[in-house]
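Thanks for coming. I will put one structure on the screen and walk through a small part of it.

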Amino acid sequence: MKSDEIIEKLRTKLQESDPSNRTVMNIFQFHFTDSDGNLIKSMELNIYEGTCADAEADITVSDENFYLVGSKQTTFEELVANNNLKMEGDQDAFHKLAEKFRMNVKKE
């Protein structure tokens, strides 16, 4: 998957961070799809592969679009506005996550 690089960076950052200093404590279930919408992989934001029964937000996004968010070329909000991301569940939790990814977004 193209976004594996982004996922590894998230894993490393989460492992290195002090859990008591985290500002986003919600559980997110991600479903990554190919450009045709076929499921490639599911994982929760602890960033372990698989599905999570107690996720507070369930997010479906293409591998390419997650890569673009992770490489700060777009935002989750832009993906939602263009119907390129599906989110079900806790809107506040999703907005906290989106804020973390929004920092230092590259704009052309």
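Let me begin with one residue: is Ser 71 buried or exposed? Ser 71 is buried, because its relative accessible area is 15% and the cut-off for buried is under 20%. Keep in mind that this is a predicted model.

Where does Ser 71 sit? It lies in the loop between α2 and α3, the latter being residues 76-81. Its side chain reaches the backbone oxygen of Leu 68, at 3.5 Å.

Now a step back to the whole protein. It has 4 helices and 5 strands, and along the sequence they follow the pattern α-β-β-β-β-α-α-β-α. Of its 108 residues, 38% count as buried. If we take the contacts with a separation of 6 or more, 66% of them are made by residues 24 or more positions apart.

Back to the helix that comes before our serine. In α2, the buried residues are Asp 63, Asn 65, Phe 66, Tyr 67 and Val 69. Two of those names, Phe 66 and Tyr 67, will come up again in a moment.

What does α2 pack against? Helix α1, residues 4-16, packs with helix α2, residues 63-70, at an angle of about 50 degrees, and the axes are 8 Å apart. That angle makes α1 oblique to α2. The crossing of the two helices is left-handed. As for who touches whom, α1 brings Glu 5, Ile 6, Ile 7 and Leu 10, and these meet Phe 66, Tyr 67 and Gly 70 of α2. By type, the residues of this contact divide into 5 nonpolar, 1 polar and 1 charged.

On to the backbone. Most residues other than glycine have a negative phi. Which residue just after α2 takes a positive one? That is Lys 72, with a phi of about 65 degrees. Lys 72 lies in the loop between α2 and α3. Lys 72 is partly exposed, since its relative accessible area is 24% and partly exposed covers values between 20% and 50%.

Asn 83 also has a positive phi, near 55 degrees, and is a residue other than glycine. Asn 83 lies in the loop between α3 and β5, where β5 is residues 85-89. Is Asn 83 buried or exposed? Asn 83 is exposed, because its relative accessible area is 69% and the cut-off for exposed is over 50%.

To close, here are the loop residues again: Ser 71 is buried, Lys 72 is partly exposed, and Asn 83 is exposed.

Technical notes. Residues numbered from 1 in each chain as written. Predicted model: local features only at pLDDT ≥ 70, side-chain atom pairs only at ≥ 80, totals over all residues. Heavy atoms only, no water. Axes fitted to C-alpha atoms, helices over the stretch in contact; angles between N-to-C directions. Parallel < 35°, antiparallel > 145°, perpendicular 65-115°, else oblique. Left-handed = near helix turned anticlockwise from the far one by under 90°. Contact = heavy atoms within 4.5 Å. Nonpolar A, V, L, I, M, F, W, Y, C, P; charged D, E, K, R; others polar. Buried < 20%, exposed > 50% of the residue type's maximum accessible area, 1.4 Å probe, protein only. Polar contact = N/O pair within 3.5 Å; in protein donor to acceptor, adjacent residues only side chain to side chain.
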